[in-house]
Amino acid sequence: MAAPKVAVVGAGVIGLSTALCIVETCPSCSVTVLSEQFSPNTTGDVAAGMLIPHTYPGTPVHVQKQWFKETFTYLFAISNSAEASEAGIHLVSGWQVFKSPPKEKLPFWSDVVLGFRPMSEAELQKFPQHQFGQAFTTLKCDCPPYLLWLEKRLKATGVQMYTRKVADLWELHSEYDIVVNCAGIGAHQLVGDKKLFPVRGQILQVHAPWVKNFIRDGDGLTYIYPGIHRVTLGGTREKESWSLSPDPGTTKDIFDRCCSLEPSLQEAQDIKVKVGLRPSRHCVRLQREVLSQGGVKLLVVHNYGHGAGGFSVHRGTAKEAAHLVGECIAALQGSSSRAKL
């Protein structure tokens, strides 16, 4: 049969990574990325890009750990290459602090990040409001550089990219053999997923080049993540809020909370405010589906619903989605050879 045609819907970090993994694992197929928005206008462009996993209650922990490990290993290799600067990937050390000790003092990802250990009494003196803390080194992807780097990699392999709003997966069935749905929060409308809901995140990006270490409150709400050029201050987790307009009261609240953890931020300059909608659900939707209408079948692979943890697991879930695309290609080749008989 002719080279299978695969359409990836969505050009955030999940869509672009999935397209790249498909090209790497199924070089015989032709891949096209279709998206209404490309960087710098995706949800990923608002994300801090820190590799500290978010937990999915509906996904087995060993699966989440595998996704994280694969992502960490992949990005760590880039951080040790000449492309690290262009890709916006760097190591950053810091602290996760708790007002009272957490039930789980060793998170499932503690042996994947580097140098994970409990904080010393001397270190904790920096955070008088907190009783317990963990110190470790992890990776950070600066966006948009990382998304632009992924786009460049894809174009170099011949992947086509088109700005196109896909309203229904069925509109692609006459052009493509397999459709991969990486639409993020757009899947709410695209496939009518009622289990998917937005968690609104508002963040600040500031110029504070003296801040070199990350600081994260254990509740996940307040964080300071230094990037190559700017420091990301966060944040909010507002369930079911679709508003993309920055709220000035929230901006002040985020700034005050971050200054309480790192008082030197009061001198930060050039504050930019950004808002994104995290595509959240009980578990990532990562599965094959066969849609059929009037005897016509369309093979679909879903990879969306990563919520606040997309960057931490993006490469791991992209590899799994690419494996599912490989299964779809095998099924297509099987049916075409049966048709010849």
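Asp217 touches Val97, Lys99, His130 and Thr222, leaving out residues up to four places away in sequence. In this predicted model, Asp217 sits in strand 9, which covers residues 214-217. Its relative accessible area is 6%, so Asp217 counts as buried.

**Helix 7 and its packing**

Strand 9 comes up again as a partner of helix 7: the buried residues of that helix pack against strand 9. Other strands on the list are strand 3 (89-98), strand 8 (197-207), strand 10 (223-226), strand 11 (231-234) and strand 13 (269-293). Helix 7 itself runs over residues 248-261 and has 14 residues. From its first C-alpha to its last it reaches 21 Å, close to the 20 Å expected at 1.5 Å a residue. Which residues of helix 7 are buried? They are Thr250, Thr251, Ile254, Phe255, Arg257, Cys258, Cys259 and Leu261.

**Annotated positions**

If you want to relate the model to its database record, a good place to begin is the domain annotation. An unreviewed UniProt entry gives "domain: FAD dependent oxidoreductase" for residues 5-324. Over residues 5-324 the chain is 27% helix and 33% strand, with the end C-alpha atoms 15 Å apart.

UniProt, again in an unreviewed entry, places the feature "binding site" at Val166. Val166 is found in the loop between strand 6 (160-163) and strand 7 (178-181). Is Val166 buried or exposed? With a relative accessible area of 10%, Val166 is under the 20% cut-off and therefore buried. Beyond its neighbours within four places in sequence, Val166 is in contact with Val9, Leu34, Glu171, Leu172 and Leu190.

The feature "binding site" is also placed by UniProt (unreviewed entry) at Tyr223 and Arg278. Tyr223 belongs to strand 10, while Arg278 belongs to strand 13. Tyr223 is buried at 8% relative accessibility, and Arg278 is buried with a relative accessible area of 13%.

These two annotated residues touch each other: Arg278 is among the contacts of Tyr223. Setting aside residues up to four places away in sequence, Tyr223 also touches Ile203, Ile215, Arg216, Thr232, Leu233, Gly234, Gly235 and Cys258. Cys258 is one of the buried residues of helix 7, and strand 10 is one of the strands against which those residues pack.

With the same sequence neighbours set aside, the contacts of Arg278 include Ile185, Phe197, Pro198, Val199, Arg200 and Gly201. Thr236, Arg237, Gly307 and Ala308 are also touched by Arg278.

**The second largest pocket**

About 250 Å³ of space lies in the second largest pocket. Its lining has 13 residues, and the closest to the pocket centre are Asp177, Lys297, Leu298, Leu299 and Leu332. Which element gives the most to this lining? Strand 14 does, with four residues. Strand 14 (296-306) and helix 8 (310-340) each supply at least two residues of the lining. Sorted by class, the lining holds six nonpolar, three polar and four charged residues.

**Backbone details**

Most residues other than glycine have a negative phi, and most peptide bonds are trans. Against that background, a few places in the backbone deserve a look, and the table gathers them.

| Place | Feature | Angle |
|---|---|---|
| Ser39 to Pro40 | cis peptide bond | omega near 15° |
| Cys143 to Pro144 | cis peptide bond | omega near 5° |
| Glu240 | positive phi, not a glycine | phi near 65° |
| Asp270 | positive phi, not a glycine | phi about 55° |

Where do the two prolines lie? Pro40 is in the loop between strand 2 (30-35) and helix 2 (61-79). Pro144 is in the loop between strand 5 (132-141) and helix 5 (145-156).

As for the residues with positive phi, Glu240 is found in the loop between strand 12 (238-239) and helix 7. Its relative accessibility is 53%, so Glu240 counts as exposed. Asp270, by contrast, lies in strand 13, the strand that also holds Arg278. At 44% relative accessibility, Asp270 counts as partly exposed, whereas Arg278 is buried.

Methods
Residues numbered from 1 in each chain as written. Predicted model: local features only at pLDDT ≥ 70, side-chain atom pairs only at ≥ 80, totals over all residues. Heavy atoms only, no water. Buried < 20%, exposed > 50% of the residue type's maximum accessible area, 1.4 Å probe, protein only. Contact = heavy atoms within 4.5 Å. Expected span 1.5 Å × (residues − 1). 1 Å grid on protein atoms, 1.4 Å probe; cavity = no way out; pocket = protein on both sides within 12 Å on 5 of 7 lines; lining within 4 Å. Points joined across faces, edges and corners; volume = space filled by probe spheres on them. Nonpolar A, V, L, I, M, F, W, Y, C, P; charged D, E, K, R; others polar. UniProt positions renumbered as here; feature names shortened; annotations may be inferred.
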